[in-house]
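Trainee: Please choose one part of this structure and take me through it slowly. I would like to see how it fits in with everything around it.

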Amino acid sequence: MTESRPLVAAEHMVDVFDRASTMNFTTIVAVRGPLDDDALDAALRAVERRHPLLRARIARKGGLRFVMGEGEKIALRVLDATKEEVNGYAEATLAHRVWPDAGPRAELVHLRHALGHSTLLFTMHHVVGDGSSGVIVVRDILRALAGTLPDGVVPSPGQNAF
């Protein structure tokens with residue numbers, strides 16, 4: 001789970017969802033206080049259950065569609081970084097990448113700065129959410145960490161609803 005290498009954009013391949021370049025959304029949260037990586041991973045798994053679109057895989061046969069609950073787990077990457085490096089890491093999350101059809105089309109990066117100081121970067125591809133969705137998901141991660149995540153699934157109307 002812990003990595004020391006920086007975030008790197010994928011090779012330049014274009015997905016039919018993007019037409020030109022990837023559109024990612026990243027929510028950035030500064031956290032003060034202890035943040036245990038195992039607890040953060042458990043909170044992320046609880047949020048995946050609450051927001052099934054985050055764990056969807058994409059089926060392309062017979063037209064594009066989401067297959068809920070069949071995607072890979074959202075990656076949690078833990079890196080040691082200074083507060084001054086946060087903007088560089090955040091910028092890297094917005095760079096072009098090819099998201100796998102097996103899912104997920106989201107990731108969480110925990111940047112550890114010092115004891116009791118860290119930053120969370122939650123990034124998702126535009127087909128599973130937008131900036132507002134990222135704020136909601138991060139709010140739910142923090143609620144799960146605090147033990148106050150509401151029960152129930154938040155259904156997605158899907159891309160065709162809009």
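Mentor: Happily! Two residues are in contact when they have heavy atoms within 4.5 Å of each other. The elements are DSSP runs numbered from the N terminus: a helix is a run of H or I with at least four residues, and a strand is a run of E with at least two. The model is predicted, so local features need pLDDT of at least 70 and side-chain atom pairs count only at pLDDT 80 or more, while totals for chains, interfaces and linings use all residues. Residue numbers start from 1 along each chain as its sequence is written, and side-chain values use heavy atoms, with hydrogens and water left out.

Let's look at helix H3 (131-146). The chain has 3 helices and 6 strands, in the order β-α-β-β-β-α-β-β-α from the N terminus. H3 has 16 residues, and its end C-alpha atoms are 23 Å apart, which agrees with the 22 Å expected at 1.5 Å a residue (the expected span is 1.5 Å times one less than the number of residues).

Start at its N-terminal end. Aspartate 130 caps H3 there, with a side-chain oxygen 3.1 Å from the backbone nitrogen of serine 132. At the other end, just after H3, glycine 147 has a positive phi of about 75 degrees.

Now turn to the sides of H3. Its buried residues (under 20% relative accessible area, with exposed meaning over 50% and partly exposed in between, using a 1.4 Å probe and protein chains only) are Gly134, Val137, Val138, Asp140, Ile141 and Ala144. Down the axis of H3, these buried residues fall within an arc of 155 degrees, so they line one face of the helix; the arc is taken from the directions from the helix axis to the C-beta atoms. Ser132 and Ala146 are exposed on the face turned away from that buried side.

What does the buried side of H3 pack against? Its partners are strand E1 (24-32), H1, E5 and E6. From the other side, the buried residues of H1 (37-50) pack against strands E4 (75-80), E5 (106-114) and E6 (117-125) as well as H3. Those buried residues of H1 include Leu40, Leu44 and Val47.

Ile141 of H3 leads us further inside. The largest nonpolar core has 26 residues, and Ile141 is listed with Leu54, Leu108 and Phe122 as having the most contacts inside it. A nonpolar core is a set of buried Ala, Val, Leu, Ile, Met, Phe, Trp, Tyr and Cys residues joined through side-chain atoms within 4.5 Å. E1, H1, E4, E5, E6 and H3 each supply at least two residues of this core, and H1 gives the most, with 5 residues.

Phenylalanine 122 is a good place to see H3 meeting its neighbours. Leaving aside residues up to four places away in sequence, Phe122 touches Gly134, Val137, Val138 and Ile141, and its other contacts include Phe25, Leu54 and Leu108.

Finally, step back to the whole chain. Of its contacts between residues at least 6 apart in sequence, 75% join residues at least 24 apart, and buried residues make up 43% of the 162 residues.

Key. Polar contact = N/O pair within 3.5 Å; in protein donor to acceptor, adjacent residues only side chain to side chain.
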